[in-house]
Amino acid sequence: MSDAPLPILILPDPRLRQKARPVGEGDGDAVRALAPRMLATMYAAPGIGLAAPQVGVGLRLVVLDLGPREKPAPMVLVNPEIVAASAERAVREEGCLSLPGQFAEVERPARVKVRWRELDGTRREMEAEGLLGVCLQHEIDHLDGVLFVDHLSALKRNMLLRKLAKEQRAKARAE
Ligand code: NI
């Protein structure tokens with residue numbers, strides 16, 4: 001089983017805007033093969049979270065690692081869902097491997113309760129806040145074709161998307 005990094009899709013790739021389908025009984029082998037490759041892709045980027053649509057796979061699968069580099073703590077979340085969110089909100093700077101070089105302050109619920117299954121089918125549930133809470137919300141958004149810029153005002157979003165397009169064109173010219 002290869003764990004070579006996969007290419008990460010960059011906006012405006014339309015696959016980033018599609019709603020991913022739930023991982024079903026028949027997807028076990030595909031998901032067990034994909035999860036280590038997604039982790040390898042995320043570490044190589046480097047990043048702290050990656051959702052399957054970002055590598056062109058329309059399945060509800062997310063990988064995360066918020067551990068220190070010297071002590072990896074990979075998480076693989078199959079069919080993750082937010083089952084509760086606090087009324088209290090918090091602001092934190094976010095970026096995304098699919099919008100390289102772009103960062104913005106995003107407001108979201110301060111705490112969420114998330115449910116998912118592990119690769120072996122075990123049901124898990126956790127409450128998260130801070131960086132983990134943001135990361136879970138950001139990655140689960142990807143499964144619905146939602147990107148962090150969608151939480152910004154139209155003005156800020158358009159500025160950031162224009163900057164991304166300009167930088168990507170400059171990068172393509174340089175290559
Ligand atoms: Ni992202």
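Start by selecting N158: at 38% relative accessibility, this residue counts as partly exposed. You'll find N158 in helix 3, which covers residues 154-174. Keep in mind as you click around that this is a predicted model. Now add V83 to the selection and draw a distance between the two C-alpha atoms: N158 and V83 are 75 residues apart along the chain, and the separation is 31 Å.

**Into the core**

Next, select L34, M38, L61 and V63. Within the largest nonpolar core, which has 16 residues, these are the ones with the most contacts. Color helix 1 (28-44), strand 2 and strand 3, since these are the elements that give two or more residues to this core. Helix 1 provides the largest share, with six residues.

Stay on L61 and show its surroundings. Leaving out residues up to four places away in sequence, L61 touches V31, L34, A35 and M38, and its contacts also include L50, A51, A52, V76, L77, V78 and L143.

**A glutamine under cover**

Jump to Q54, in the loop between strand 1 (49-51) and strand 2. Is Q54 buried or exposed? It's buried, with a relative accessible area of just 1%. Show what is around Q54 and you'll see, among its contacts beyond four places in sequence, P7, I8, L9 and L16, along with C96, E139 and H142.

**Two cysteines**

C96 is worth a stop of its own: this cysteine is buried, at 10% relative accessibility. Select C135 as well, which is also buried, with a relative accessible area of 6%. Why is there no bond between them? The sulfur of C135 has its closest cysteine sulfur in C96, but that is 10 Å away, too far for a bond. A disulfide would need the two sulfur atoms within 2.5 Å, and the count of disulfides by this rule is zero.

**Charged pairs**

Time for side chains of opposite charge. The model has 15 salt bridges by the rule used here, and three of them are on this tour.

Select K19 and D144 to begin with. They form a salt bridge whose closest N and O atoms are 2.8 Å apart. This pair links distant parts of the chain, 125 residues apart: K19 is in the segment before helix 1, while D144 is in the loop between helix 2 (130-143) and helix 3. K19 counts as exposed, at 63% relative accessibility, whereas D144 is partly exposed at 31%.

Then go to R108 and D141, a salt bridge with its closest N and O atoms 3.0 Å apart. Here too the pair links distant parts of the chain, with R108 in strand 5 (residues 103-109) and D141 in helix 2, 33 residues apart. Both ends are under cover: R108 is buried at 4% relative accessibility, and D141 is buried at 16%.

Now pick E175 and K171, which form a salt bridge with the closest N and O atoms 3.6 Å apart. E175 is exposed, with a relative accessible area of 72%, and K171 counts as partly exposed at 46%. While salt bridges are on screen, go back to K19 and D144 and add R60: salt bridges that share partners join K19, R60 and D144 into one network.

**Last stop: the surface**

Switch on the surface and select I48, L66 and L131. These residues form a nonpolar patch with about 220 Å² of accessible area together. Zoom in on L66, in the loop between strand 2 (61-64) and strand 3 (75-85). At 32% relative accessibility, L66 counts as partly exposed.

Key:
Residues numbered from 1 in each chain as written. Predicted model: local features only at pLDDT ≥ 70, side-chain atom pairs only at ≥ 80, totals over all residues. Heavy atoms only, no water. Buried < 20%, exposed > 50% of the residue type's maximum accessible area, 1.4 Å probe, protein only. Patch = residues over 30% accessible without salt bridge, like charges linked within 9 Å, V, L, I, M, F, W, Y side chains within 5 Å. Areas by Shrake-Rupley, 256 points an atom, 1.4 Å probe, with all protein chains shown as cover. Salt bridge = Lys/Arg side-chain N within 4 Å of Asp/Glu carboxyl O. Helix = DSSP H or I, 4+ residues; strand = E, 2+ residues; numbered from the N terminus. Core = buried A, V, L, I, M, F, W, Y, C linked by side-chain atoms within 4.5 Å. Contact = heavy atoms within 4.5 Å.
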